[in-house]
Structures are given as structure tokens and as C-alpha cells.
Amino acid sequence: MKIAILGYGTVGKGLVEIIEGNKNKRNIQIEGILVRNKEKYKSSKYNDIITENIEDIFDKEIDILVELMGGLHPSYEYIKRALKDNINVVTANKDMLAEYGDKLVKIAKENNVSLRFEASVGGGIPVLKPLTESLEGNDIESMYAILNGTTNFILSKMYDEGLPYEKVLKEAQELGFAEANPEADVEGYDAARKLSILSTLAYHRRVYWKDFYLEGISNLDMKDMDYAKKLGCKIKLVGQSKKNKENVTGFVRPVLVDNNSLLSKIDNEYNIVVLNGNSVGELSFVGKGAGKEPTGSAVYADLIDIFDKRISNIDSFMQEKIEVEKTISNNCQALLRFKSPQKEEIIKLIKACVDEFEIVEDNDELVIMVYANSEYEINNILCLIRDKGYCKESRKLLKIS
Ligand code: NAP
Ligand code: HSE
């Protein structure tokens, strides 16, 4: 079994350690490792096969190219070249799958080779394989998930230990959880890309990540954590999608979840994916969503599946894109925060618009939980408050149950 690895960072090193640890079970020969800066690895025992030149990799005879560099380019060009050269590919690159999954799956099919990407969603959690192999007898109707380890780690540390956002983000970077550009984590792009991969495989139509409603965690502050605690809730970055007759509804956003809910139990770098199948009912997959060993474990499993000739059906990437509806149209609860001297006017207006609301705090800011028939109704209230000049900048945090 001969492989080459593009990238020897967090995941690349995790994979190599797992290959070494399993030598007695599977003899996987690493023929080459591509990096950007070879100098960094001069004391590595793999120094003689580490290269900065991609041609050194393609000169070798390999069964599988493992792409663990990240980013769109040149990873896309290297993967495409490998597939066209009849080399199987394993990747952990969700940016790539979310953007070019359709093209790559088509090329893999045309060349009769495998493209596997278990590590691209949920880190170490085996979820794509069950979804594409074990759940074939189901129509997946909906899903909800925590799909980003970095943001879940940040939110957990802010909530449990009162640590500031910047400090915890730095810690997540040091632990190897964050993307090279952590904007992808904190602005929710990474979770949206993963939700799009899951939704595409689940609903058998291509679901494009930028079509989801998307909101990250960078605007949350310690006051949000305090209000969440007061309400018996936590804050989680949640991705949710639902297949309707003609379209899909979906979002990635920070939300309040009850302390006794399943989502609230998923802390630090852990992820969860909850799928609803028409035959099987609700299924949950939980585990470490980021980090060296967990992610290496998922990449390793893909290698074994290719060697053992197990095939997953990933054709949905080649299907037409389906329309994505962004707004929640059913009952909706939201925590609204206003910094304004015109608190009475705001309360009066809210009273006139919704049947039920609850004042959570009335000090230097006014904080109200509203219960509405839809998110649209809540957005209307916020527009009215702004148009009347009562408060220019309000904040809204949905609560889901
Ligand atoms: P990383 O630690 O930043 O490592 C990236 C590696 O790729 C480094 O060895 C780097 O070389 C090499 N590289 C980057 N660009 C290159 C280029 N243009 N040419 C040659 N080599 C290049 O990244 P990572 O955390 O391992 O992530 C790798 C992939 O796995 C990404 O797609 C990421 O989204 C995905 N992923 C990561 C995790 C996680 O927990 N970290 C989990 C799931 C999926 P140098 O060392 O010389 O800079
Ligand atoms: N940056 C990603 C995360 C890595 O934090 O979840 C795993 O995909």
C-alpha cells in the first residue's frame, strides 16, 4: 500500500503516527510528503522523503494521494491531477468539497477511482460513512449539529471559565483546532461548509454552503453568556437543515439551547451530528471534531476503505443545486438586547406586536425574550424600533429547543 501525503501539519502528523502505530496490522508505505518549507522538518525522521516540489510526489508510484494541506489552491489542482492519473484521493479539506465537490466527484467517477473525505466533517466522528452506507434505506428528513471544534471550545471556555474570546481563540489555535485563517471558524464558514457536505449527501441534491443563513460567534460578548446563564441556557454555534418538498431550509448561527438539551452537553472541541431518518428515527454521532489524532483517525479509516475496496455513494455532489430558504417560518423565540434611553417606548412597541414576552434585564441595557410566530415577525419588530429611532443597534439571539 503506497501513499503520498500533501501537508505535514496537525492532521498530517496525526495520520503518520497512526500509520506507524498500526504497522503490525497494515503495512502502509509513505512514499513522499509535500510541505511548503522543508527547513522546518530537517530533524524529522521522514526528512529524506519530505519535499517542497510536487513533481517529486507525482514521480512516485502511489495508490493514494492524501491531501492535508488545506485551502483551495493549489490543493484543487493537485487533487484533480491525481484523479485524472487514476490515483485514489483522500482529503480532509471541507473548503474544497464545499466549493468543488461536484467537479471532483465527477472526475473521480470518470476515472474509476475513489475520492474519500470522512475527516472533512466532524473530525474523528465517523458520520459520512454511516450516512452514505448504513442509512441507504432512509430518507434523511432533517439534521442539526455542532460542527466546529474551535468555536465550541471558545464558547465552552467563555461560558464555564469566564475567559475572554481572544485568549481562548489563541488556545484553540495552539491546540491545532483552528483553520490556518481562523475567520473560517469564528464567522461560521467552516460549519456551513460541513453542513453543506452533510446536507448534499443526505438530501441527494447539491446544497451550496453560501446559500445557508450564516452568522458567526465573533459578535458575542460576556453579557450574552451572563444572560444565557440567567435563562438556564448555553450558547452553541449550531447548524441545522431540513429537506422540504421543493427546497431546503438551513442556517449556521449561535443560538441559546436549554441546559438539559442534548446540544448543551457537547462541550470544548467535541462535535455532534443528529440525523433524522424516516425509517431509523433520530441518530446522534458524537466525538472530537478537531485535533491531530481524532482527525488522523478518520483519514486512516478512509485509506483502509480504499484498500479494502469499500465504496460509498457520493453521487449527490453531481446533482443540481437545490434552493435554500434562510428564514425560520415557524414559532420562534429570541433574546433581544437594546442599549437605549427609550426603554419604555421599546417595551410598549413589543407589547403591541407579540402576545408573549419576558423582561430578562432592565439596567444599562434592556434585555427581552420574545415569543413570536416566526423570525420574520421578530425582524419586523427590530426594523420598527430602528425606524422610530428608539434604538439604532439591537442584538438578537435565537433560542432553539
Ligand atoms: P496545518 O497544521 O496548517 O498544516 C498544513 C500543512 O500543509 C503544513 O505542513 C504545510 O507546510 C502544508 N502546506 C500548506 N500549503 C502548502 C502548499 N501550498 N504547498 C505545500 N505544502 C503546503 O493544517 P491542518 O490543521 O493539518 O489541516 C489540514 C487540512 O485538514 C485542512 O484542510 C483542514 O481544514 C483539515 N482539517 C483539519 C482539522 C484539524 O483539527 N486541524 C480537522 C479536520 C480537517 P509547512 O509545514 O511547510 O507550512
Ligand atoms: N477548524 C476546524 C474545527 C477543524 O475547529 O472544527 C476541524 O474541521
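**Entry 1: ligand 2, polar contacts**

I started with ligand 2 and found that a backbone N or O atom of Gly149 lies 2.7 Å from one of its oxygen atoms. The model I am reading is a predicted one. I then looked at Thr150, where an N or O atom of the side chain is 2.6 Å from an oxygen atom of ligand 2. For Glu179 the partner on the ligand is a nitrogen atom: an N or O atom in the Glu179 side chain is 2.7 Å from a nitrogen atom of ligand 2. I noted the areas next: ligand 2 taken alone exposes 250 Å², and the protein buries 94% of that.

**Entry 2: ligand 2, shell**

I listed what surrounds ligand 2. The stretch Asn148, Gly149 and Thr150 is there, as is the stretch Phe177, Ala178 and Glu179. Lys94, Asp185, Asp190, Lys194, Gly289 and Ala290 also surround ligand 2. By class I have five charged, four polar and three nonpolar residues in this shell. I checked which elements contribute, and H6 and H9 each supply at least two residues of the shell. I also looked up where ligand 2 sits, and the answer is the largest pocket.

**Entry 3: ligand 1, polar contacts**

I moved to ligand 1 and looked for backbone atoms opposite its oxygen atoms. A backbone N or O atom of Asn37 lies 2.7 Å from an oxygen atom of ligand 1. For Val11, the distance from a backbone N or O atom to an oxygen atom of ligand 1 is 2.9 Å. For Thr10, I read 3.0 Å between a backbone N or O atom and an oxygen atom of ligand 1. Ligand 1 taken alone exposes 910 Å², of which the protein buries 86%.

**Entry 4: ligand 1, shell**

I counted 24 residues around ligand 1. The closest are Tyr8, Asn37, Tyr41, Glu179 and Gly291. I note that Glu179 is among the closest residues to ligand 1 and is also in the shell of ligand 2. The shell of ligand 1 divides into eleven nonpolar, nine polar and four charged residues.

**Entry 5: the largest pocket**

I asked which pocket ligand 1 takes up, and its space is the largest pocket. Ligand 2 sits in the largest pocket as well. I recorded a volume of about 1,300 Å³ for this pocket. Its lining has 49 residues, and those nearest the centre are Leu68, Met69, Gly70, Glu179 and Ala180. The elements that give two or more residues to the lining are helices H1 (10–21), H4 (94–110), H6 (149–161), H8 (183–186) and H9 (189–203). H9 gives the most, with four residues. I sorted the lining by class and got 19 polar, 17 nonpolar and 13 charged residues.

**Entry 6: the cavity**

How many cavities of 30 Å³ or more does the structure hold? I found one. The volume of the largest cavity is about 90 Å³. I wrote down its lining, which includes Leu115, Arg116, Phe117 and Glu118. Leu128, Lys129 and Thr132 belong to the lining too, together with Leu201, Asp302, Ser312 and Ile314. Strand S6 (115–116) and helix H5 (128–134) each supply at least two of these residues. H5 has the largest share, with three residues. By class I have five nonpolar, two polar and four charged residues lining this cavity.

**Entry 7: backbone geometry**

I finished with the backbone. A cis peptide bond joins His73 and Pro74, with omega about 10 degrees. I placed Pro74 in the loop between strand S4 (64–67) and helix H3 (75–84).

I then looked at positive phi values. His204, a residue other than glycine, has phi near 60 degrees. I found His204 in the loop between H9 and strand S8 (213–214). Asn268 is not a glycine either, and has a positive phi of about 55 degrees. The place of Asn268 is the loop between strand S10 (248–258) and strand S11 (270–277).

Methods
Residues numbered from 1 in each chain as written. Chains lettered and ligands numbered in written order. Predicted model: local features only at pLDDT ≥ 70, side-chain atom pairs only at ≥ 80, totals over all residues. Heavy atoms only, no water. Near = heavy atom within 4 Å. Polar contact = N/O pair within 3.5 Å; in protein donor to acceptor, adjacent residues only side chain to side chain. Areas by Shrake-Rupley, 256 points an atom, 1.4 Å probe, with all protein chains shown as cover. 1 Å grid on protein atoms, 1.4 Å probe; cavity = no way out; pocket = protein on both sides within 12 Å on 5 of 7 lines; lining within 4 Å. Sits in = over half its atoms within 2 Å of the grid points. Nonpolar A, V, L, I, M, F, W, Y, C, P; charged D, E, K, R; others polar. Points joined across faces, edges and corners; volume = space filled by probe spheres on them.
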